[in-house]
Amino acid sequence: MWDKSLPLYKQIANRIKEDIISAKLAQGDAIPTETKLAHSYGVSRVTVRQAIKLLVEEKLLYRVQGSGTYISHNKVEHNIYKLQSFTEEMIRLDHQPSNEIIEFQLTLPSVEVQDVLNVSEDDKVYYIKRLRLADKEAFILEESYLPVELFPDLSIDVMKESKYDYIEQKGHQIDKRYGELYPIMPTKEIVDFLQVEENEPLLYLKAFSTFVQGTVFEYSKIYFHPSKYVFKFISLKDRE
């Protein structure tokens, strides 16, 4: 039903919502193009574009640059106080995790990496860039640095699976992660890999992890897809 009291683009937005439900489209499914929607509803593409913009702002839809517009996922509610691997988290949520290795190389550490990993300028480290996927969709872009001395047999095949599983199977006990989380605007590389909008901020985590004895074994930079992650925490009132 058309509600003539509403602006036309809001009427179209409501029709799109109704048609998504009636077509039984699922999270991650694409909606028709602006041209097809304009033809279906007998309105201009400008009106359809306004309607889609509204639904994107309402988080019902999200855009993928150069691909189309899709029905939003229920965001992963990431507990920042719980140290768990991406693989563990996705399996717990009934998603199928996988990793695409973008770069894997041995390199000498920058001053920044030396300071975090407590290595010298001559100590080689692994640099790994991975696209982390759930059900074949990109959720995270991750850059990691690990000391070669701690993991001499680390390989691309290992990094295609769970890094933390590998580390624990080596007999190490992972203890803590120390991090800083803040919003940034995506670079062109992040836009391309995560398929996000150029003007849409995302959350960036810079963190290092330690074993129980305090050894720093990893330094990571993690970029979270803004349409697929929300960070949850509980604050306790100081009773003093």
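# Exercises on a predicted model

In this predicted model, Gln 195 sits in the loop that runs between helix 8 (188–194) and strand 8. The exercises below begin with that residue.

**Exercise 1.** Work out what is notable about the phi angle of Gln 195, and decide whether Gln 195 is buried, partly exposed or exposed.

*Solution.* The phi angle of Gln 195 is near 55 degrees, which is a positive value in a residue other than glycine. As background, most residues other than glycine have a negative phi. For the second part, the relative accessible area of Gln 195 is 28%; since partly exposed covers the range between 20% and 50%, Gln 195 is partly exposed.

**Exercise 2.** Carry out the analysis again for Asn 118, stating where Asn 118 lies and how accessible Asn 118 is.

*Solution.* Asn 118 belongs to the loop between helix 5 (111–117) and strand 5 (125–134). Its phi is near 60 degrees, again a positive value in a residue other than glycine. With a relative accessibility of 61%, and with exposed meaning over 50%, Asn 118 counts as exposed.

**Exercise 3.** Determine how the rings of Tyr 178 and Phe 208 are arranged, and which parts of the chain their pair ties together.

*Solution.* A search of the whole structure finds nine aromatic pairs. In the pair of Tyr 178 and Phe 208, the ring centres are 5.0 Å apart and the planes stand at 15 degrees, so the pair is stacked. Tyr 178 lies in strand 7 (residues 174–184) and Phe 208 in strand 8 (residues 202–211), so the pair ties together parts that are 30 residues apart in sequence. Tyr 178 is partly exposed at 41% relative accessible area, and Phe 208 is partly exposed at 28%.

**Exercise 4.** Describe the pair of Tyr 204 and Tyr 223, and decide whether Tyr 204 is buried or exposed.

*Solution.* The ring centres of Tyr 204 and Tyr 223 are 4.9 Å apart and their planes are at 20 degrees, so this pair is stacked. Tyr 204 lies in strand 8 and Tyr 223 in strand 9 (residues 216–224), so the pair ties together parts that are 19 residues apart in sequence. Because buried means under 20% relative accessible area, Tyr 204 is buried at 9%, and Tyr 223 is buried at 10%.

**Exercise 5.** Identify the residues that gather with Glu 168 in a surface patch, and place Glu 168 in the chain.

*Solution.* Glu 88, Asp 157, Glu 161 and Asp 165 gather with Glu 168 in a patch of negative charge on the surface. Glu 168 is found in helix 7 (residues 163–169), and at 42% relative accessibility Glu 168 counts as partly exposed.

Note on methods:
Residues numbered from 1 in each chain as written. Predicted model: local features only at pLDDT ≥ 70, side-chain atom pairs only at ≥ 80, totals over all residues. Heavy atoms only, no water. Patch = residues over 30% accessible without salt bridge, like charges linked within 9 Å, V, L, I, M, F, W, Y side chains within 5 Å. Areas by Shrake-Rupley, 256 points an atom, 1.4 Å probe, with all protein chains shown as cover. Salt bridge = Lys/Arg side-chain N within 4 Å of Asp/Glu carboxyl O. Lys, Arg positive; Asp, Glu negative; His and termini not counted. Charge placed at Lys NZ, Arg CZ, Asp CG, Glu CD. Helix = DSSP H or I, 4+ residues; strand = E, 2+ residues; numbered from the N terminus. Buried < 20%, exposed > 50% of the residue type's maximum accessible area, 1.4 Å probe, protein only. Phe/Tyr/Trp six-rings, centres within 6.5 Å; stacked < 30°, edge-to-face > 60°.
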